[in-house]
Amino acid sequence: MSDDPYLGDLVFVYGTLRSGFINNEATIAFRNGAELVSPGWLPGLLYSTGWYPALIEEGPGSVRGELWRLTQPGVMAVLDDYEGLNEYPAEYKRARRDVQTDDGAHEAWVYIYLERVDPAQLIPSGDWADGFFDMNDMGPGQA
């Protein structure tokens, strides 16, 4: 039996941790230590910071992502490190929020951006796939 208090918890991911995006040590550890539950969404706005997204809890939009269940001990610590929660000042905070799915609402951990965002970098659809692929389609010098 694990002493990890987060084992079995749900986490909502909306950016680089989503399936089909970048692979690095942290994202692979996350995907190997969690199971995909469902697509989901929650109220808020999504912005691009360049190479990763920022969820802001204000505005009339919704942010789309994936709901995952932590199945291995230590995965939340990997996520907290990946999101820079131990850095000062931290860019994100982790908080519990209701995430909507086709099966109803589920309480999950979500990483919420704490810094200022550039209004011009709003991703209107609330889906990082749109912002990420738009950014990668830019020609040289257009980023």
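This short talk goes through the core, a helix pair and a few individual residues of one predicted model.

Because the model is predicted, local features need a pLDDT of at least 70 and side-chain atom pairs count only at pLDDT 80 or more, while totals for chains, interfaces and linings use all residues. Residues are numbered from 1 along each chain as its sequence is written, and side-chain values use heavy atoms, with hydrogens and water left out.

Let me begin with the interior. The largest nonpolar core has 35 residues, where such a core is a set of buried Ala, Val, Leu, Ile, Met, Phe, Trp, Tyr and Cys residues joined through side-chain atoms within 4.5 Å, and buried means under 20% relative accessible area, exposed over 50% and partly exposed in between, with a 1.4 Å probe and protein chains only. Among the residues with the most contacts inside this core are Phe12, Phe30, Leu79 and Val110. Strand β7, residues 104-113, gives the most to this core, with 6 residues; helices (H or I, at least four residues) and strands (E, at least two) are DSSP runs, numbered from the N terminus.

Next, the helices. The axes of α1 (residues 25-32) and α2 (residues 75-82) come within 10 Å and cross at roughly 150°, the axes being lines fitted to C-alpha atoms, for helices over the stretch in contact, with angles from 0 to 180 degrees between N-to-C directions. The two helices are therefore roughly antiparallel, a term for angles over 145 degrees. On the α1 side the contact (heavy atoms within 4.5 Å) is made by Ala26, Thr27, Ala29 and Phe30, and on the α2 side by Val75, Val78, Leu79 and Tyr82. Leu79 also belongs in the account of its wider surroundings, since, not counting residues up to four places away in sequence, Leu79 touches Val11, Leu17, Phe30, Leu70 and Tyr111.

Turning to strand β6, we find Arg94, which counts as buried because its relative accessibility is 18%. Its side chain makes polar contacts with the side chains of Asp80, at 2.9 Å, and Tyr6, at 3.5 Å; a polar contact is a pair of N or O atoms within 3.5 Å, and within protein one must be able to donate a hydrogen and the other to accept it, with residues adjacent in sequence counting only if both atoms are side-chain atoms.

Finally, in the loop between α2 and β6 (92-101) lies Pro89, and the peptide bond from Tyr88 to Pro89 is cis, with omega near -5°.

Note on methods:
Parallel < 35°, antiparallel > 145°, perpendicular 65-115°, else oblique.
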